[in-house]
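Here are some comments for the bench, written to be read alongside the coordinates. They concern one arginine and the pairing of charged side chains.

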Amino acid sequence: MRIPAHTVCTAIRDDIVAGVHERGARLTEDLLARRYGVSRVPVREALRTLEAEGFVVTRRHAGACVAEPTEQEAADLLEIRTLLEPLGAARAAQRRTEAHLKVLRGLVRLGQERSKQGDSEDLRSLGGWFHETLVQASESQGLITLLTQLRHKIAWMYTVEGAERPADSWAEHGAIVDALARRDADRARSLTAAHTARVTAAHRLRVPRAGDRVRTSQHAVNTAGLRH
């Protein structure tokens, strides 16, 4: 059975974000095909997609390589997100469904509970899920695509310091959901803008270590553990 190129693309992207393929490393079709247990065709298609997304560059005499973004490029991504996320929240206030509200309220409850327990890793996952659901509620495919790509690239370029008062962060999430429930687009926009600005201040640029090498562990793209 032929593995779809988008599945291969997801696997390669996830490994780039996780640091399995280090910045500047060559990405040869043969090695990637063996690593992910696929033919070269979906790998070639995946590399074209990842180049369009900015994760991969093609260099003369070297071929496809993992991109090496500058500090300015990384800073630009955070600024773009601070502009787009409030827009997404405003759209969500106008277009959200009761199903969206149910999921968002459930996430806020879980986030508030985990805040009391101090589980920072779980809180990061829940926060990512909250913001992903928020943009999905905008029902704007263009925004969903852009913010999804931004989320991947920011996770690749930055680490995020844990919030000193995570309960405050989840209170902000709850206020955003209340604005969505009232279909108050202006308040949803302003609350999300303030929240995004505060969260952005906790981002710290990753500094690649000199001499890092690509890890060589193998995993096929059609395994149960593949992230989506």
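The points below take up a buried arginine and then the salt bridges of what is a predicted model.

1. Arg81 is found in helix α4, which covers residues 71–95, and with a relative accessibility of 13% it counts as buried, because buried means under 20% relative accessible area. Leaving aside residues up to four places away in sequence, Arg81 touches Pro86, Leu147, Leu150, Ile154, Thr196, Val199, Thr200 and His203. Arg81 and Ala193 are 112 residues apart in sequence, yet their C-alpha atoms are 9.7 Å apart in space.

2. Side chains of opposite charge can pair when their charged atoms come close. Searching the whole structure gives 12 salt bridges. One of them joins Arg40 to Asp30, with 3.4 Å between the closest N and O atoms. Since Arg40 lies in helix α3 (residues 40–53) and Asp30 in helix α2 (residues 29–36), the pair ties together parts that are 10 residues apart in sequence. Arg40 is partly exposed at 40% relative accessibility, and Asp30 is partly exposed at 39%.

3. Asp30 and Arg40 also belong to a network of salt bridges in which they are linked with Glu29 and Arg44.

4. Glu68 forms a salt bridge with Arg59, where the closest N and O atoms are 2.7 Å apart; Glu68 is partly exposed, at 46% relative accessible area, and Arg59 is partly exposed as well, at 31%.

5. Arg165 and Asp168 meet through their side chains in a salt bridge of 2.7 Å, N to O. Here Arg165 is exposed, with a relative accessible area of 58%, whereas Asp168 counts as partly exposed at 34%.

Key: Residues numbered from 1 in each chain as written. Predicted model: local features only at pLDDT ≥ 70, side-chain atom pairs only at ≥ 80, totals over all residues. Heavy atoms only, no water. Helix = DSSP H or I, 4+ residues; strand = E, 2+ residues; numbered from the N terminus. Buried < 20%, exposed > 50% of the residue type's maximum accessible area, 1.4 Å probe, protein only. Contact = heavy atoms within 4.5 Å. Salt bridge = Lys/Arg side-chain N within 4 Å of Asp/Glu carboxyl O.
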